[in-house]
Amino acid sequence: MEHEQKHQKIYRPFALIPSLKVFLACLFMTGILLYFVNTTNDFFVPILLVIWGLGAISVAYIFIQDHCHTILLTEGGIKACKGIFMKKETLVPTSKITESSFTQSIFERLFSYGTVRIDTPGGADVAIEMKNMRITDIKEILAFVDKKDG
């Protein structure tokens, strides 16, 4: 069991792309602010600080959250852990997996990442869903499921 633990790989979401989205949103809001508000206005600098302060907090949250979200492939199945303050662990035995898939938006295709989904029979919710995963990690996870299937 100890030997098995050494060779397991932990998969984590890729925080850089969502952070880039936040940066672009802050840049866009700054552009709008520059267009509509006079830079000599007393409210210009405080509004700018609020925009970029909220952006910085969002990016910090994204990195912390993505560090706390993991997928681990085990002999028994797939284990997903989520949560910063409240941890939620989900173990899905490979024998119970009915569907494994991934989705990508156009933006996600450009940067080679997406969302992986692992589903079991019954229930309305997907058993495991992890966003912002690298496409190479997604393919390894899906290959693991297919290998256990066949």
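This report describes the sheet, the helix pair, the nonpolar cores and several individual residues of one predicted model.

## Basis of the description

Because the model is predicted, local features are given only where pLDDT is at least 70 and side-chain atom pairs only at pLDDT 80 or more, while totals for chains, interfaces and linings use all residues. Residues are numbered from 1 along each chain as its sequence is written, and side-chain values rest on heavy atoms, with hydrogens and water left out.

## The four-stranded sheet

Helices (H or I, at least four residues) and strands (E, at least two) are DSSP runs numbered from the N terminus, and two strands are taken as paired if DSSP finds at least two bridges between them. On that basis, four strands form an open sheet in the order β1-β2-β3-β4, with antiparallel pairing. The edges are occupied by β1 (10-11) and β4 (88-93), each of which has a single partner strand, so one side of each is left without a neighbour in the sheet.

At the β1 edge, two bridges connect β1 with the antiparallel strand β2 (residues 70-73), and I10 stands opposite L72 in β2.

## Helices α2 and α3

Helix α2 (residues 16-36) and helix α3 (residues 44-68) have axes that come within 9 Å and cross at roughly 170°; the axes are lines fitted to C-alpha atoms over the stretch in contact, with angles running from 0 to 180 degrees between N-to-C directions. The two helices are therefore roughly antiparallel to each other, given that angles under 35 degrees count as roughly parallel, over 145 as roughly antiparallel, 65 to 115 as roughly perpendicular and the rest as oblique. Contact here means heavy atoms within 4.5 Å, and the residues that meet across the pair include V22, C26 and L33 in α2 and I51, W52 and I62 in α3.

C26, which lies in helix α2, counts as buried at 4% relative accessibility; the class buried covers values under 20% relative accessible area, exposed those over 50%, and partly exposed those in between (1.4 Å probe, protein chains only). Not counting residues up to four places away in sequence, C26 touches I51, W52 and G55. The C-alpha atoms of C26 and S100 are separated by 35 Å, with their positions 74 residues apart along the chain.

## Nonpolar cores

In soluble globular proteins, nonpolar side chains tend to be buried together. A nonpolar core is defined as a set of buried Ala, Val, Leu, Ile, Met, Phe, Trp, Tyr and Cys residues joined through side-chain atoms within 4.5 Å. The largest such core has 18 residues, of which I71, I78, V116, I118, M133 and I141 touch the most other members. At least two residues of this core are supplied by each of β2, β3 (77-82), β6 (113-119), β7 (128-134) and α5 (135-149), and the largest share, six residues, comes from α5.

Leaving aside neighbours within four places in sequence, I78 is in contact with a set of residues that includes I71, L91, I118, I141 and F144. Apart from the largest core lies another, of seven residues, among them A15, V22, C26 and I62.

## Two residues with positive phi

Most residues other than glycine have a negative phi. S112, in the loop between α4 (106-110) and β6, nevertheless has a positive phi near 55°, and S112 is partly exposed, with a relative accessible area of 38%.

N132 also has a positive phi, of about 60°, although it is not a glycine. The place of N132 is in strand β7, where N132 is buried at a relative accessible area of 18%. Not counting residues up to four places away in sequence, N132 touches P13, F14, P18, D66, Y113, G114 and T115.

## Aromatic pairs and the loop at P121

The structure holds three aromatic pairs, where rings of Phe, Tyr and Trp (its six-membered ring) pair if their centres lie within 6.5 Å, with planes under 30 degrees apart counting as stacked, over 60 as edge-to-face and the rest as tilted. One of them joins F107 and F111 in a tilted arrangement, 4.9 Å centre to centre with 50° between the planes. F107 is partly exposed at 26% relative accessibility, and F111 is partly exposed at 35%.

P121, found in the loop between β6 and β7, is exposed, with a relative accessible area of 55%. Leaving aside neighbours within four places in sequence, P121 is in contact with K96 and T98; P121 and T98 are 23 residues apart in sequence and 6.2 Å apart in space, C-alpha to C-alpha.
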